[in-house]
Amino acid sequence: MSARRVARPLARAETTSCVQGGSMRFGMSTGDGGPLTGHVVVTDVVTERPMTRVPVHGTGWTLDVPPHWPSSLYVASFHDDRPETPAPERDAEHEVWFVVRAARPAATSSVLVSIPFTTWRAYHRAGQPGRSIYYAEEPGRAARVSLSDPGGGPPPERWEEPLLRWLPEAGYPVEFCSGLDLHNGDELLSSYRLLVINGHDEYWSAEMRDSVETFVRKGGNLAVFAGNTAWWQIRLEDGGRTMVCHRDASTDPVSAVDPRRTTVEWSSSPVDRPENSMTGVSFRNGAGAWGEGMAVIGRDSYTVRFAGHWVFEGTGLRDGDAFARGALGYETDAAELDWSAGVPRATGRDGTPRSFAVLATADLRHWRAYGQGGWATMGVFRMGAGTVFNAATINWGRALPDPVVDRITRNVLDRLGGTSPRPSWHTVGPAPRLRALAACEGLLFAVAEDGRTLLHREPSDQNMPWAACPPAPGPAPEIRCLAAPREACNPVPLALLAVGADDQLLTRAPVPGPAPWIPAGRVPAGTSALAMCDNTLFAVTPHDDTLHHRPALHPEAPWAVLGPAGKAAALTVLNARLYAVGPDGLLTRPPVTADVPFALGGPFPAARALASYAGRLLAATFDDLLVSHPPV
């Protein structure tokens, strides 16, 4: 007669991470609550390598983590020496999942991968009154759950594991942290170049968001290979051992004293801090397929909207191509988009930053039959000195066998997380044989190849199309170069400036409609580049490589020679400095009327024209791209 099977043990830990060379204390018991006699197996989840197997007895066990164990995700699985019942499909409570952090952050990698323990804990025992934060509207749901109770591992779908296992196979060493380590995690993050959010990371504290956003603004980068990211605000109480999420402002006592920390959706009142400001997108505009409807997630694909972006380098994709079939779901995030120009552009009304560039979209409105209809929006944007990329789907990792998904992931990791120098500029659209550029009153203007047609577009990071400004009555002058002051100079209004082929200075209202070019004096013969700063006009004559100047408000004043122009092909003004582009790259000098030479500003793509807008340089390159570059 076979021995009676016993319930699997119960195991817990007070923390979700420890450093190499540190220790973790585990509590344990038999399934009915008595002291455990059995063994524990600790496995590196990423490599699936068993790291140790030791006998245990009693109600506690300490793991002294060897210093040589790699920073990784681990699981400690406790077992009774008596025959056990089969392992449960979900909500296993004989396992404790944890991260080993690097003893010296960034010692082996500049990339840090976060594990979403708060989300795993939120879904544990879903639907069981008082045991879980789920389901959202059940009156018996818990508002507080202990992070040190048994369980809290990943759901059966294991959304995070495909990317975690792909990383070492693809040659990317990374280091790991618990998502809870991001709570007041400024010091930890400061050592890294890139933070990776992966899979399903739905529950964030204010301290987690503050640390990550500060990290990016200071020059770190964020790559989100995930969906439904940062949907709920949580609080950590009891020294970080309890996760609080009321999901209802009326039942959360904090809402009366500190509304910003109320545990509701980040986008909801009284918090009103949309997650879009950190991630670029939100589940509010996204889609979800649940239950039996999850079968749909293998059918849909992204459509390319900005094939010229560095994210798509080496993929061979063109605008309108479908890619990443099977990557979408089971929840996706999206931005509110405006399609009126024929290219999707983020409106910003939902909190998405204005620098957000839409890279790909998926129309998932038919998912309404399976849960929530909506969209998916892959994109990238700037936050301070850093960059955020978002794949906007939970299931990205499972599509990594697709060569295109593989290449996109490599491009993001290499550009945002690599230690080798990368270009500081990026493509923001086409610039077909453009002669000149200038930004004024919220529009970017250009002169077409024929020298007479004035074009305009938004000066955003999106690949917006160029549109022709309707001509004013009469013949259009041939234009060599454009310029625009940063601010109006009383009594002269803000206007576009141009140099005609006859060496005449021209002005025009900075409007997309028809407007005449008005003569405003002369420029040095052969002027090919023009800029205005501090009520002073600057001009470059290429035949003698000379920089000239004259007062902007006195058209009758003579032009004076300043000195060598550094072989500048184009001029602009940014942040009260002159910038030029020439054969040696980017050049810069103060806008003074003394003979101060141009200084090298670093490498820069060969360009025909240069402009500035909102703290960035814009250039029309010889390979017909419009690129954006930070100031130097």
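**Exercise 1. Determine which element contributes most to the lining of the largest pocket, and characterise that pocket.**

*Solution.*
Step 1. Helix H1 supplies the largest share of the lining of the largest pocket, namely three residues. The model under study is a predicted one.
Step 2. The space in the largest pocket amounts to about 690 Å³.
Step 3. Its lining comprises 28 residues, and those nearest the centre are Tyr-123, Tyr-134, Tyr-135, Trp-290 and Tyr-330.
Step 4. Sorted by class, the lining of the largest pocket holds 14 nonpolar, four polar and ten charged residues.

**Exercise 2. Describe the second largest pocket by its volume, its central residues and its contributing elements.**

*Solution.*
Step 1. For the second largest pocket, the space is about 520 Å³.
Step 2. It is lined by 28 residues, with Ala-385, Thr-387, Arg-415, Pro-423 and Ser-424 closest to the centre.
Step 3. Two or more lining residues come from each of strand E24 (374–383), strand E25 (386–390) and helix H6 (403–417). Of the elements, E24 gives the most, with three residues.
Step 4. The class division of the lining of the second largest pocket is eleven nonpolar, eleven polar and six charged.

**Exercise 3. State how many cavities of 30 Å³ or more are counted, then analyse the largest cavity.**

*Solution.*
Step 1. The count of cavities of 30 Å³ or more comes to two.
Step 2. The volume of the largest cavity is about 140 Å³.
Step 3. Sixteen residues line the largest cavity; Thr-16, Trp-97, Arg-121, Leu-147 and Gly-151 lie nearest its centre.
Step 4. Strand E1 (10–13), strand E8 (95–101) and helix H1 (117–123) are the elements that give two or more residues to this lining. Helix H1 thus appears here as well as in the lining of the largest pocket.
Step 5. The lining of the largest cavity divides into six nonpolar, six polar and four charged residues.

**Exercise 4. Identify the residues around the second largest cavity and the element that gives the most to its lining.**

*Solution.*
Step 1. The second largest cavity has a volume of about 30 Å³.
Step 2. Its lining consists of Leu-547, Leu-562, Gly-563, Pro-564, Arg-589, Asp-595, Val-596 and Pro-597.
Step 3. Strand E38 (residues 560–564) gives the most to this lining, with three residues.
Step 4. In the lining of the second largest cavity, five residues are nonpolar, one is polar and two are charged. Glycine counts as polar, so the one polar residue is Gly-563.

How values were computed:
Residues numbered from 1 in each chain as written. Predicted model: local features only at pLDDT ≥ 70, side-chain atom pairs only at ≥ 80, totals over all residues. Heavy atoms only, no water. 1 Å grid on protein atoms, 1.4 Å probe; cavity = no way out; pocket = protein on both sides within 12 Å on 5 of 7 lines; lining within 4 Å. Points joined across faces, edges and corners; volume = space filled by probe spheres on them. Helix = DSSP H or I, 4+ residues; strand = E, 2+ residues; numbered from the N terminus.
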